[in-house]
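Biologist: Could you walk me through this model? I'd like to learn how to read its features one at a time.

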2 protein chains.
Amino acid sequence: MISFDNFNMTDGSPIYLQILLYIKRGIIAGIICDGDELPSRRVLSALLGVNPNTVQKAYKMLEDEGLIQSRTGAKSYVVVTEAKLTEIRAELLEADAMEAVAKLKQMGVSQEEAHGLIDKYWNGGE
Amino acid sequence: MISFDNFNMTDGSPIYLQILLYIKRGIIAGIICDGDELPSRRVLSALLGVNPNTVQKAYKMLEDEGLIQSRTGAKSYVVVTEAKLTEIRAELLEADAMEAVAKLKQMGVSQEEAHGLIDKYWNGGE
DNA sequence: AAAACTGTATTAGTGCAATAATACAGTTAG
DNA sequence: CTAACTGTATTATTGCACTAATACAGTTTT
């Protein structure tokens with residue numbers, strides 16, 4: 001069963017997207033694997049303190065991407081092929097790295113300073 | 001006059017926040033300086049293709065933070081003291097670096113790989 | 001078989017971001 | 001002075017994220 005223990009939900013972006021990305025990043029990290037059982041819509045919504053429809057929206061998008069499999073009445077499972085794994089890994093790593101680089105460059109940070117910032121905040125920061 | 005030439009507006013976050021951050025990051029980079037003239041609400045809204053009220057909301061927040069000065073009928077100007085500069089630099093660098101680190105760690109990326117990603121996307125990517 | 005779970009769907013309502021259309025007051029340029 | 005700009009304010013409307021309350025169909029457990 002997938003764990004949502006260190007799920008945060010504080011960045012202001014739509015909750016259904018946060019759930020979607022949490023699962024995608026977990027798959028990329030290898031923490032969430034092919035065949036893993038997902039918490040039901042109702043259970044996860046109660047766990048996160050959000051509406052079941054919000055979870056359903058995230059799950060629906062994951063299913064449309066072929067990353068989970070659902071069928072009425074039964075539990076939902078993760079479906080990850082090697083192809084999809086490399087696909088979403090490239091997609092998310094590129095998106096996140098480019099976003100961070102763009103922001104830092106816009107603030108006039110040098111490449112070396114960027115490395116320093118990564119190191120500074122990698123283990124707690126400060 | 002402040003330039004909005006490489007303003008992007010594609011990340012899905014509220015536009016008034018994007019404008020606010022664009023100006024803050026410009027100040028941190030030293031591209032936007034104390035005394036600089038801001039485009040008027042109407043001019044900038046036309047330039048970005050958004051509603052004047054959206055620009056006004058961003059400008060209003062900047063004024064509440066003391067980073068710009070407005071007065072009815074006249075143009076608006078940037079106001080930056082050394083203290084405020086160091087304050088927002090710490091605020092934004094910390095926020096952006098921590099966000100990037102959190103995302104990469106969540107994907108199981110190592111510290112060394114993170115450095116590699118920064119380098120890869122620093123100059124165009126690929 | 002019955003109970004307790006699953007997924008799925010629908011309808012209604014709230015809040016915020018953004019647009020649209022004005023209006024008014026003060027400043028600046030010709 | 002007048003015209004053309006500034007900032008500021010108001011009201012109405014749209015769209016989306018999210019909540020709420022159901023309902024129904026299928027599966028699993030006992």
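Modeller: Let's start at the DNA: a polar side-chain atom of A:Arg41 sits 2.6 Å from a phosphate oxygen of DNA strand C. That is a polar contact, meaning a pair of N or O atoms within 3.5 Å (within protein, one must be able to donate a hydrogen and the other to accept it, and residues adjacent in sequence count only if both atoms are side-chain atoms). Before going on, note that this is a predicted model, where local features need pLDDT of at least 70, side-chain atom pairs count only at pLDDT 80 or more, and totals for chains, interfaces and linings use all residues. Side-chain values use heavy atoms, with hydrogens and water left out, residues are numbered from 1 along each chain as its sequence is written, and chains are lettered from A and ligands numbered from 1 in the order in which they are written.

Biologist: Which atoms of B:Ile15 and B:Lys57 lie by a phosphate oxygen of DNA strand C?

Modeller: For B:Ile15, a backbone N or O atom lies 2.3 Å from a phosphate oxygen of the strand. For B:Lys57, an N or O atom in the side chain is 2.9 Å from a phosphate oxygen.

Biologist: And how many residues are around DNA strand C?

Modeller: A residue is near a strand if one of its heavy atoms lies within 4 Å of it. Here there are 27, and A:Arg41, A:Arg42, A:Gly73, B:Ile15 and B:Asn51 come nearest. On the DNA side, sugar and phosphate make up 64% of the strand C atoms that come within 4 Å of the protein. At least two residues of this surface come from each of α2 (41-48) and α3 (52-64) of chain A, and α1 (15-29) and α3 of chain B. Helices here are DSSP runs (H or I, at least four residues), numbered from the N terminus.

Biologist: How does that surface split by class?

Modeller: Ala, Val, Leu, Ile, Met, Phe, Trp, Tyr, Cys and Pro count as nonpolar, Asp, Glu, Lys and Arg as charged, and the others, Gly among them, as polar. That gives 7 nonpolar, 12 polar and 8 charged residues near strand C.

Biologist: How are chains A and B related?

Modeller: Two copies of a chain are related by a rotation about an axis and a shift along it. In this case, a rotation of 179 degrees with 0.0 Å of shift superposes chain A on chain B, with RMSD 0.1 Å. The two copies are thus related as by a two-fold rotation axis. The fit is by least squares on the C-alpha atoms of residues with pLDDT of at least 70 in both. Also, 100% of chain A's interface residues are interface residues in chain B, so the copies meet through the same surface; contact means heavy atoms within 4.5 Å.

Biologist: What about cavities: how many are there in the whole structure?

Modeller: On a 1 Å grid over the protein atoms alone, a cavity is a set of points where a 1.4 Å probe fits but cannot get out, and lining residues have an atom within 4 Å of a point. Grid points are joined across faces, edges and corners, and a volume is the space filled by probe spheres set on the points. The search finds 2 cavities of 30 Å³ or more. The largest holds about 50 Å³, and its lining includes A:Asp96, A:Lys103, B:Asp96 and B:Lys103. That lining has 2 nonpolar, no polar and 6 charged residues.

Biologist: And which classes line the second largest cavity?

Modeller: Its volume is about 40 Å³, and its lining has 8 nonpolar, no polar and 1 charged residue. Among the lining residues are A:Leu104, A:Leu117, A:Ile118 and B:Ile118.

Definitions and conventions:
1 Å grid on protein atoms, 1.4 Å probe; cavity = no way out; pocket = protein on both sides within 12 Å on 5 of 7 lines; lining within 4 Å.
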